[in-house]
Amino acid sequence: MADQTIYDNLTMLGGTTEQPASPDEAVLERVQNPQAGTDYCVRFVAPEFTSLCPITGQPDFAHLVIDYVPGDWLVESKSLKLFLTSFRNHGSFHEDCTVKVGKRIADMIDPKWLRIGGYWYPRGGIPIDVFYQTGPAPDGVWIPDQGVAPYRGRG
């Protein structure tokens with residue numbers, strides 16, 4: 001029998017994967033952190049996140065920035081992409097979407113620290129920015145600014 005690797009339990013890479021119909025149906029996968037014991041920051045950026053207003057059904061768009069300091073586990077990026085795109089037909093307010101994404105990832109990988117910034121584009125003239133984190137950032141880890149300027153419109 002061939003030696004097992006930390007990647008053997010991944011099911012989505014290397015083949016066709018169906019798009020989940022909803023965030024609740026989406027499967028997030030994790031992989032063992034080969035650098036466990038070393039603190040470092042991982043960043044995912046989703047500049048075209050889409051969900052639906054639960055009342056009007058109209059689309060809402062956000063720029064998500066997810067930073068985390070892993071412990072024993074990493075988020076597998078293809079499963080994250082499919083999870084995030086599962087919100088396209090999901091009706092939920094900006095605050096719920098942003099926090100739901102952050103909590104789902106944190107629950108799955110139990111990071112040392114996680115934060116998510118949801119920078120929502122205006123509808124009705126009001127942009128909404130939503131921020132969630134699991135606690136204070138660990139000392140000694142470089143955590144860069146999320147780099148998303150506040151919405152200014154014509155100002």
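C41 is partly exposed, with a relative accessible area of 25%. In this predicted model, C53 takes part in no disulfide, and the nearest cysteine sulfur, that of C97, lies 10 Å away. A disulfide needs two cysteine sulfur atoms within 2.5 Å, so a separation of 10 Å rules out a bond between C53 and C97. By this rule the structure has 0 disulfides.

**Two annotated residues**

The UniProt record, an unreviewed entry, places the feature "active site" at C53 and D60. Where do C53 and D60 sit in the fold? C53 is found in the loop between β2 (42-52) and β3, whereas D60 belongs to strand β3 itself. Are they buried or exposed? With a relative accessible area of 12%, C53 is buried. D60 counts as buried too, at 6% relative accessibility. Both values fall under the 20% limit, which is why the two residues are classed as buried. The value of 25% for C41 is not under 20% and not over 50%, so C41 is classed as partly exposed.

| Residue | Relative accessible area | Class |
|---|---|---|
| C41 | 25% | partly exposed |
| C53 | 12% | buried |
| D60 | 6% | buried |

Which residues surround the annotated pair? Leaving aside residues up to four places away in sequence, C53 touches Q58, D60, G91 and R123. With neighbours within four places set aside in the same way, D60 is in contact with F49, T50, S51, L52, C53, H94, W120 and R123. C53 and D60 therefore have heavy atoms within 4.5 Å of each other. R123 appears in the contacts of C53 and in those of D60.

**Strand β5 and its partners**

Two of the residues in contact with D60, W120 and R123, fall within strand β5, which covers residues 113-123. Strand β5 is mostly covered, with 8 of its 11 residues buried.

How is β5 joined to other strands? Strand β3 (residues 59-69), which contains D60, runs antiparallel to β5 and is joined to it by 8 bridges. In this pairing Y68 stands opposite L114 of β5. Strand β6 (residues 126-133) also pairs with β5 in the antiparallel sense, over 7 bridges. Here W120 stands opposite I128 of β6.

The connection between β5 and β6 is a hairpin with 2 residues between the strands. One residue in the turn, G124, has a positive phi of about 70 degrees.

A general point helps when looking at such strands: in a regular strand the side chains alternate between the two faces of the sheet.

How values were computed. Residues numbered from 1 in each chain as written. Predicted model: local features only at pLDDT ≥ 70, side-chain atom pairs only at ≥ 80, totals over all residues. Heavy atoms only, no water. Buried < 20%, exposed > 50% of the residue type's maximum accessible area, 1.4 Å probe, protein only. Helix = DSSP H or I, 4+ residues; strand = E, 2+ residues; numbered from the N terminus. Pairing = 2+ DSSP bridges. UniProt positions renumbered as here; feature names shortened; annotations may be inferred.
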